[in-house]
Structures are given as structure tokens and as C-alpha cells.
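Work through the exercises below with the model open. Try each task before reading its solution.

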Amino acid sequence: MSIPPNSTGRGLRTLSFEVMPPRRPHLAPKFWGTVDTLLQTEPDFISITYGAAGQDRSSARAVVRKIVRDTPVQPIAHLTCVGASRDEVTSVVTDYLDSGVRTFLALRGDPPVNYPEWRPQPGGLASATELITLIRALERRRTMTEPGAALRAAFKPLTIAVATFPSGNPEAGTTPEQEIERLLVKQAAGANFAITQLFFDPEAYALFSEKARSYGVTIPIMPGLLLPTDPTRLARVAELTKVEAPSFLLDDLAAARDEQDLYERGIKHGVALARGVLDAGAPGVHLYTFNKAQPALDLLEQVPELTPLP
Ligand code: FAD
């Protein structure tokens, strides 16, 4: 079924956000203020990052639990294989399942800052695919031994998302085709949908999605977008992910007269990117918020297809 181009309101599209748990307790009130503001846009889900470089894990777990308990929105708990034994990952997954989490983003994880050459922990998990297999096995065991868990699974099936890289993963030195092969493996292991690494060219997303379908990927591929309102953030993200902002974007931001002009230019590029991926048939938009609500709100004002239905 195609979506009429002039439809307003979210309709068949989804909107979701990624947030990062507060790094220190005194930042928690501001963080929850941001989450409250984001919730007013009625997102389909909010994903919560997990211990980039092995840090901030208990904070992530507290945030996920509070979202399950106190909000109407479904959290996606990011989970990684980095710096943890199989038993430790098992305990985290079990803890999440016990607290009612039904959606995970299964990741290999970024290597710790001091150890860029990533190696699995001895006896630990080596990849997102192994993590999917473990989560599915734990859920299966619960549903076979606990009638309550079986009913919950029937009512709210467990969903597993994975990462994918439309331009290849520069950190891993892979091509888009290799990432599609990897996505096929994740799909076969039980992934239900994918979220992309950030990118700046909607055409890259369109080509990747089309090629992925032709290779046999059937799960939805959700574009992950960063609104480029802050050149310092773009530089930091490029350092971490090796995804460089294109020169046309950096030049345009550099020509801004003042802070307000810079911000408006960033939103304009974000709107063009969101429109580009929606036109390319994306199921919705997943925004990397970096815990800032205002750019998301300003984007939504200009992309009526993503605002809640009246
Ligand atoms: P897999 O698909 O498991 O990778 C399989 C194999 O690819 C690896 O065994 C290895 O051989 C190779 N490979 C993958 N990455 C590298 C690399 N960097 N260098 C060398 N070889 C590599 N990270 C976090 O720590 N916490 C998060 O919350 C988090 N959230 C993310 C959310 C999204 C949407 C995305 C796209 C990424 C996120 N990341 C996060 C980063 C992610 O963990 C890294 O990009 C990681 O390097 C790849 O994870 P994967 O699950 O795709 O790896």
C-alpha cells in the first residue's frame, strides 16, 4: 500500500528517538525533562544507548526500567558484547526481561577507548549475531518453563533490532555489500528490524535498501538520522564513527552569520534528509537526539508526515 504524498499526520510512518543515559546523577532531571518533551511527540519507541566503551551501564538499565514503568512508550534497550562474559550478558538480559523489556538492539559494541583493537572477552560473545542467538534462547527457555512468560510472549512478542551501515562500516573496513551479507546473517539469527548508522545522503540509504531487498533482506531498515545543527558534534561523531559529514554541508554551516542562522541551516539539512529517506520509502525516521529535544521538535514542524495523527 502506498502512502499518499500529501497526507499529514504520521499514519503509517514511525517516529523514534535515541537518547543517552545521563552520565552523572545531577544530570538526571535535565535528561528526564528532555524525555518528557520527546514523549509529547508520541514516538513509537525510544532507544537507550548502552555503555559506549563499557561505561554507564547501570545508568542505562535504570533509564530503561523507568521508561517501562512510568511512560506509555516502548523502550529499546541497546545491549553490547563488549567487556562482559556470557554469564554477565545473560544476567543483564534476564534482568531486562524480568522488568518487562520486550525490545533489544543487539550490538557488538564499540571497543573501549584504550583498546581500539576489539577482541571478545574470553568466553564472551563475539558479535551481534551471537547476542541475538543468546537473547532468543533465554526467551525460549523462559516461555517453556514459565506460563506467565509464555503468555506475555504471546501478547507482546520479543523484538530484536540490529545495527546496519548503508555506506559500509568505516571502522570495520566493510563495503555496503558486506554489510548486507552481515544483515542477512542477523536476520537469519532472529533480528526483526535494523537501524542504520547515521549518514548524510538519502541516496545512499535508498541504494542500500534496494540492494538489501534484492539480496533477500526482508526486515524493515530504519534510517538513523542526526540533525546537523552543531559542527562540533559532527566532528566528534566523525571521530567516533568515522562517518564524515560531506563538505557541502560543512561549508554551508561554516557560512552561517550567527548561532541562530547556524541552527536554522542545520534544521534545513535535517528536513531535506528526512524528506529524502521518506521519499525513498523508509518506514519512518529514527533521530539520534544527543539528548536535545528542540531540534527534533523543529524538524517535526516541517515534516508533517512525522507528526502525531490529529
Ligand atoms: P557486528 O555485526 O556484530 O559485527 C560483526 C563483525 O564485524 C565483528 O566481529 C568484526 O569482525 C567486524 N566489525 C564490526 N565492527 C568493527 C569494528 N569497529 N572494527 C573492526 N571490525 C569490526 N555501540 C555501543 O557500544 N553502545 C551502543 O549503545 C551503540 N548503539 C548503536 C546504535 C546504532 C543504531 C548503531 C548503528 C551503532 C551503535 N553502536 C553502539 C556502535 C556499534 O556497536 C559499533 O558500530 C560496532 O563496531 C559494530 O556493531 P555491530 O553490532 O554492527 O557488529
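A polar contact is a pair of N or O atoms within 3.5 Å; within protein, one atom must be able to donate a hydrogen and the other to accept it, and residues adjacent in sequence count only if both atoms are side-chain atoms. The model is predicted, so local features need pLDDT of at least 70 and side-chain atom pairs pLDDT 80 or more, while totals for chains, interfaces and linings use all residues. Numbering starts from 1 along each chain as its sequence is written, and side-chain values use heavy atoms, without hydrogens and water.

**Exercise 1. Find the polar contacts of the ligand with His-78, Arg-108 and Asp-110.**

Step 1. List the surroundings. The ligand has 24 residues around it (a heavy atom within 4 Å). His-78, Arg-108, Ala-128, Arg-182 and Lys-186 are the closest.

Step 2. Take the side chain. An N or O atom in the side chain of His-78 is 2.8 Å from a ligand oxygen.

Step 3. Take the backbone. A polar backbone atom of Arg-108 is 2.8 Å from an oxygen of the ligand. For Asp-110, a polar backbone atom is 3.0 Å from a ligand oxygen.

**Exercise 2. Describe how α10 packs on α11.**

Step 1. Locate the helices (DSSP runs of H or I, at least four residues, numbered from the N terminus). α10 spans residues 259-279, and α11 spans 294-302.

Step 2. Get the geometry. The angle is about 55°, and the axes are 9 Å apart. Axes are lines fitted to C-alpha atoms over the stretch in contact, with angles from 0 to 180 degrees between N-to-C directions.

Step 3. Classify. The pair is therefore oblique: under 35 degrees is roughly parallel, over 145 roughly antiparallel, 65 to 115 roughly perpendicular, and the rest oblique.

Step 4. Pick contacts (heavy atoms within 4.5 Å). In α10, Tyr-263, Ile-267, Gly-270, Val-271, Ala-274 and Arg-275 take part. Their partners in α11 are Gln-294, Pro-295, Asp-298, Leu-299 and Gln-302.

**Exercise 3. At what angle do α6 and α7 pack?**

Step 1. α6 (residues 176-189) and α7 (residues 202-215) pack at about 50°, with axes 10 Å apart.

Step 2. The two helices are therefore oblique to each other.

**Exercise 4. What is the phi of Glu-42, and what is that of Phe-290?**

Step 1. Recall the background. Most residues other than glycine have a negative phi.

Step 2. Read Glu-42. Its phi is positive, about 55°. Glu-42 sits in the loop between α1 (28-39) and β2 (45-48).

Step 3. Read Phe-290. Its phi is positive too, about 45°. Phe-290 lies in the loop between β9 (284-288) and α11. Strands are DSSP runs of E, at least two residues.
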